Amino acid sequence: MAIGAVAAVAWQPAHMAHEGSTREIILATEGGRLYEAAFEEADKRDRPLKLLFELPDTEKSPFRGIQMEVLGLHGGGSSGGGLSGGGGAAGVGTPGGGSTGPGSSQRFFVMAATATRLLAFVGSTSLEATFAPFASQLPKFIELPASSPLIASSLHFFGRKQRYAERFAWMAGPGVLYGHLNLNAAASSLPSGSSSEPPVQRKSLLPYAKLLPPGPVSRSDDADDGDAAADAAAPVHPIAMAVSEFHFLLLYGDHIKVVNQVSESLVDQLPLHATALEMAPGGMLGLVADEVASAYYAFCANNIYEIAVCDEGRAMWQVYLDRHDYAMALAFCRSPVQRDRVYAAQAESAFKDGDYERAATFFARTAHQVPFEEVALKFVEAGQQDALRSFLLHKLDHIPKQERAQVTMVATWASELYLDKINRLLLQLPPDDERQQPVQDKPVAQKEHRGEPSPAASGNKEAVDSAAGGAETNGRVEGRREGVEGLRTEYDSVVEEFRAFLTDCKDVLNEATTVKLLASYGREEELVFFAGLKQRHETVLEHFIRQGDADSAIAVLRRPSVPLELLYKFSPALVLLAPSKTVDLWIMSASASASTSAASAAAAAAAAAAAGSFDPRRLIPAIMRCATAATATSAATATSAATATTAAMAATAATTATAVATTGSSNQPNEAVRFLEYCVHSLGSRDPAIHNLLLSLYADQSNETSLVSFLSWIPPPPPPHTLLLSSPPPFPLSPPPPPSPPPPPPLLLQQQWGQQAAPPPSHPPAPL
């Protein structure tokens, strides 16, 4: 069958080819027809070609280029193989016997080009089914003018980084039309057996006139006018075109122009050897590309020229940067210096647009392009304290850890900016009583409450105006409330963010400087929080006890890292706040110490060295303070009851005294007794001070059951202290004799009987 001259062939993609088989291919002819063919090495017979599409007689024009993509929805691609036996409309078989007949998951996308039109065919199942809807109508096409229908034209798919082609380029009459192909979307959304819109996006036309330089790019300054005239007379329309990853290669009579696809600028002009062109009849004939090997060849009748492509993407970062496509520029950067320039340009652009937070992020990523001080002054002069703080925070992520001094300086500056932000928000908030003050009643509501008619009922214009004013006032109040709530939310958020910052930077912040900074801003809670991060437990405990927060203080003392010395130090104050919980803490500490003592010798030595051993004797002041406070409370309450002037007051005071005596003199000593009993019975303490204190507390109780039980438990003889505390004594004691009165002075006796006292002797009496 005569089909005419074949102008172009659409091959299967290289990754779908099989050894010894071409699979389905499309032949585009000079007569405006498209044929399906397939060739297999094992099959020596001539197979008939199948006509797929023919241009109408009124639109008859030779095809100049054709490309095809086979899309697979399931299994990651289409099945392999060539034409199955039988010819005709048989489907394409796989080496394993599968076929791509009806119901196949394959999709076909075909583009064919004439000198003036670019046609697109989209279908499924098979090539025959893809072209069947266009037997009586033309598919969608793009038309561009051309000086002649015989003008050179070609079509290329390129950019197969993944599975399918990503871009296309059509060398047409006025220029190169190129764009993007969204074939992945076409593969996933095209219904089986139906046509669809061509997946062509972002089309752009590169005019040939834009590529005409005043002279050859490689020409020197001292070139003569004849060379310039020859360049000006060069043909505008290229002979052929090839496409690389980033450039268009356009073949002219004696040179090749290299055009960047992104910037559409002429980047190089490669001259061809004039002697070889003179020897070749007809000059250069074409330009082809080997996509697999990334090789490009220009050929004439006598010679083949190979165009070597060496690292064509090395300057693409600058091309994208000039177009302000920062994401793509960063993707093609190969050195820190290049990335610095991209970040600096992106930051300057965001700063110019007023997006200071975004500018701070990109400024922080620059290492050497923009000095640190210059960036800080930019934000200070612009009055953007929040953006400056963001810049410092992001800068901390990019400063090398070995730059300890710089990290500490930046972290301290960020801390001060946090505190300044918190202070400014706090000053904008109204006092608590004013912020929580309820909204005042409206004037209209007050009149109605007094029995006066409402404005709507009376029709009084002044009342209506008053109602409108009240509504406006209410709206302002509600707006003010919303503003206050917004400030409160922002305040809480900044405080939480600042605490997270302190947690992250606790190891790089200077402790003394940070403490002074927090104290100067009056941030006591953050100061305590930072002290906890730095393991300054004593400061934390002092704060909690000063605030009366016994639960938080006990939680700190429960930590294994807290030494027992702090437990001994703060127990006297803590036991007054929460006696029962404090005694539970003592018992827990004593139990932990006992279990540590029962461990292995090495572990016990390490634990003792770290935390010390529990000593109940050190808690005696706390136990005595607990008992003394209870006794004082009970005595004060009893005194108030005794001095009451009325029977009702006396009864009330007596009731209070009974309750306090129950909770004070009963509960608090009992908590102390509970701990001492645990020391004696559970820990087996034989410390005389512990035993004597327990006896003292037993003796203070009105019920002697505990005392008797403890005495019966003690093996004889009883301790001497027991005899002093027993009431009544265990054995009778004789009362001491009354003292005899001293004799009266002699002078007093004589005066008492009315006699005159004799004068004292002037000298002592002589010895006998």
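The protein comprises 28 helices and 19 strands. The model is a predicted one. Of its 768 residues, 39% are buried. The accessible surface amounts to about 42,100 Å², and carbon and sulfur atoms account for 56% of that area. Among contacts between residues at least 6 apart in sequence, 57% link residues at least 24 apart. The points below address three helix pairs, the surroundings of one buried threonine, and residues with positive phi.

**Helix α8 and its partners**

- Helix α8 spans residues 356–365, and its buried residues are Ala359, Ala360, Thr361, Phe362, Phe363 and Ala364.
- These buried residues of α8 pack against three helices, namely α7 (336–352), α9 (372–381) and α10 (385–398).
- With α10, the axis of α8 comes within 8 Å, and the two axes cross at roughly 30 degrees. Angles under 35 degrees count as roughly parallel, and α8 is therefore roughly parallel to α10.
- The crossing of α8 past α10 is right-handed.
- On the α8 side, the residues that meet α10 are Tyr356, Glu357, Ala360, Thr361, Phe363, Ala364 and Arg365. Their counterparts in α10 are Asp386, Ala387, Ser390, Phe391, His394, Lys395 and His398.
- Classified by type, the residues of the contact between α8 and α10 are six nonpolar, four polar and four charged.
- Ala360, Thr361, Phe363 and Ala364 are buried residues of α8 and also take part in the contact with α10.

**Helix α18 and its partners**

- In helix α18 (residues 537–546), the buried residues are His537, Val540, Leu541, His543, Phe544 and Ile545.
- The helices against which the buried residues of α18 pack are α17 (524–533), α19 (550–557) and α20 (564–577).
- The axes of α18 and α19 lie 8 Å apart, at an angle of about 160 degrees. An angle over 145 degrees counts as roughly antiparallel, so α18 is roughly antiparallel to α19.
- α18 passes α19 in a crossing that is left-handed.
- α18 contributes His537, Val540, Leu541, Phe544 and Ile545 to this contact, while α19 contributes Ser552, Ala553, Val556 and Leu557.
- The contact of α18 with α19 contains seven nonpolar and two polar residues, and no charged residues.
- His537, Val540, Leu541, Phe544 and Ile545 are thus both buried in α18 and part of its contact with α19.

**Helix α11 and helix α16**

- Helix α11 covers residues 404–428 and helix α16 covers residues 511–520; their axes come within 11 Å and cross at roughly 10 degrees. α11 and α16 are therefore roughly parallel to each other.
- Their crossing is right-handed.
- Thr412, Ser415, Glu416 and Leu419 of α11 form the contact with Thr513, Leu517 and Leu518 of α16.
- By class, three residues of the contact between α11 and α16 are nonpolar, three are polar and one is charged.

**Surroundings of Thr408**

- Thr408 belongs to helix α11.
- The relative accessibility of Thr408 is 18%, so this residue counts as buried.
- Leu509 is separated from Thr408 by 101 residues in sequence, but their C-alpha atoms are 5.4 Å apart.
- Leaving aside residues up to four places away in sequence, Thr408 touches Val508 and Asn510.

**Residues with positive phi**

- Most residues other than glycine have a negative phi.
- Arg202 is a residue other than glycine with a positive phi, near 50 degrees. Arg202 is placed in strand β12 (residues 200–207). Its relative accessibility is 61%, and Arg202 therefore counts as exposed.
- Gln535, also not a glycine, has a positive phi of about 65 degrees. Gln535 sits in the loop between α17 and α18. With a relative accessibility of 45%, Gln535 counts as partly exposed.
- Gly548, just after α18, takes a positive phi of about 75 degrees.

Terms used: Residues are numbered from 1 along each chain as its sequence is written. This is a predicted model: local features need pLDDT of at least 70, side-chain atom pairs count only at pLDDT 80 or more; totals for chains, interfaces and linings use all residues. Side-chain values use heavy atoms; hydrogens and water are left out. Axes are lines fitted to C-alpha atoms, for helices over the stretch in contact, and angles run from 0 to 180 degrees between N-to-C directions. Helices (H or I, at least four residues) and strands (E, at least two) are DSSP runs, numbered from the N terminus. Angles under 35 degrees count as roughly parallel, over 145 as roughly antiparallel, 65 to 115 as roughly perpendicular and the rest as oblique. A crossing is left-handed if the near helix is turned anticlockwise from the far one by less than a right angle, and right-handed if clockwise. Contact means heavy atoms within 4.5 Å. Ala, Val, Leu, Ile, Met, Phe, Trp, Tyr, Cys and Pro count as nonpolar, Asp, Glu, Lys and Arg as charged, and the others, Gly among them, as polar. Buried means under 20% relative accessible area, exposed over 50%, partly exposed in between (1.4 Å probe, protein chains only). Accessible areas come from the Shrake-Rupley method with a 1.4 Å probe; for residues, only the protein chains shown count as cover.
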